[in-house]
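Me: I've got a structure open and I'm new to it. Could you walk me through how to read its features, one at a time?

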Amino acid sequence: MPIWAIEPVNSVADVEAILAVEEASFTNPWTREMYLAELQHPDVSFIYAARDRERQVVGFCAFWRV
């Protein structure tokens, strides 16, 4: 089993874990509503989660394709 897995985020269920990383990393973190809005635009907005062996979200990357 690999140490890390990088997977696309397609569900609201992962937003809580992403918010925990966001809040620990930034002084002006994005809100839950901001991430939920991003999930509504899968044609341009992409979010990937890094998961450990226990499937916990330990990092993420969010970006737009323009």
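Me: Let's start with Arg-55: what is its relative accessible area, and how do I read that?

Reply: This is a predicted model, so keep that in mind throughout. Buried means under 20% relative accessible area and exposed means over 50%, with partly exposed in between. Arg-55 has a value of 43%, so it counts as partly exposed.

Me: And where does Arg-55 sit?

Reply: Look in the loop between β2 and β3. Those two strands form a hairpin with 5 residues between them, and Arg-55 belongs to the turn.

Me: What is the phi of Arg-55?

Reply: The general idea first: most residues other than glycine have a negative phi. Arg-55 isn't a glycine, yet its phi is positive, at about 75°.

Me: How many bridges join the two strands of that hairpin?

Reply: Strand β2 (residues 45–51) and strand β3 (residues 57–64) are joined by 7 bridges, and they run antiparallel. To follow the pairing by eye, find Ala-49, which stands opposite Phe-60 in β3. Then find Ile-47, whose opposite residue in β3 is Ala-62.

Me: What is the strand order of the sheet?

Reply: The order is β1-β2-β3, in an open sheet of 3 strands with antiparallel pairing. The edge strands are β1 (5–8) and β3, each pairing on one side only. On average, neighbouring strands in this sheet are turned by 20° against each other, direction ignored.

Me: Which strands does α1 touch?

Reply: α1 packs on the sheet and touches β2 and β3; the direction of α1 makes about 90° with that of β3. Helix α2 (residues 32–39) also lies across β2 and β3, and α2 runs at about 115° to β2.

Me: Which residues make up the largest nonpolar core?

Reply: In soluble globular proteins, nonpolar side chains tend to be buried together. Here the largest core has 9 residues in all: Val-9, Val-15, Ile-18, Leu-19, Val-21, Tyr-35, Ile-47, Ala-49 and Val-57. α1 and β2 are the elements that give two or more residues to this core. The largest share, 4 residues, comes from α1.

Me: Can I take one core residue and see what surrounds it? What is Ile-47 in contact with?

Reply: Set aside the neighbours within four places in sequence. Ile-47 is then in contact with Glu-7, Pro-8, Val-9, Ile-18, Tyr-35, Glu-38, Leu-39, Cys-61 and Ala-62. Ile-18 and Tyr-35 are also members of the core.

Me: Now the charged side chains. How many salt bridges does the count come to?

Reply: To call something a salt bridge, look for a side-chain nitrogen of Lys or Arg within 4 Å of a carboxyl oxygen of Asp or Glu. By that rule the count comes to 4. One of them is between Arg-51 and Glu-7, where the closest N and O atoms are 2.9 Å apart. That pair links distant parts of the chain, since Arg-51 is in strand β2 and Glu-7 in strand β1, 44 residues apart.

Me: Is Arg-51 buried or exposed?

Reply: At 9% relative accessibility, Arg-51 counts as buried. Glu-7, at 24%, is partly exposed.

Me: What other partner does Arg-51 have?

Reply: Asp-14 forms a salt bridge with Arg-51, with the closest N and O atoms 2.9 Å apart. Asp-14 sits in the loop between β1 and α1, 37 residues from Arg-51 in strand β2. Both Asp-14 and Arg-51 are buried.

Me: Which salt bridge links the two helices?

Reply: Glu-16 and Arg-32 form that one, and their closest N and O atoms are 2.7 Å apart. Glu-16 lies in helix α1 and Arg-32 in helix α2, 16 residues apart. Glu-16 is partly exposed at 46%, and Arg-32 is partly exposed at 35%.

Me: Which residues do shared partners join into one network?

Reply: Glu-7, Asp-14, Arg-51 and Arg-55. That brings us back to the arginine in the hairpin turn.

Me: One last charged residue: how far from Glu-22 is the nearest side chain of opposite charge?

Reply: Arg-32 is that side chain, 12 Å away; Glu-22 is buried yet has no salt bridge. You'll find Glu-22 in helix α1 (residues 15–25). Not counting residues up to four places away in sequence, Glu-22 touches Pro-29, Trp-30, Tyr-35 and Phe-60.

How values were computed:
Residues are numbered from 1 along each chain as its sequence is written. This is a predicted model: local features need pLDDT of at least 70, side-chain atom pairs count only at pLDDT 80 or more; totals for chains, interfaces and linings use all residues. Side-chain values use heavy atoms; hydrogens and water are left out. Buried means under 20% relative accessible area, exposed over 50%, partly exposed in between (1.4 Å probe, protein chains only). Lys and Arg count as positive and Asp and Glu as negative; His and the chain ends are not counted. Contact means heavy atoms within 4.5 Å. Two strands pair if DSSP finds at least two bridges between them. Axes are lines fitted to C-alpha atoms, for helices over the stretch in contact, and angles run from 0 to 180 degrees between N-to-C directions. A nonpolar core is a set of buried Ala, Val, Leu, Ile, Met, Phe, Trp, Tyr and Cys residues joined through side-chain atoms within 4.5 Å.
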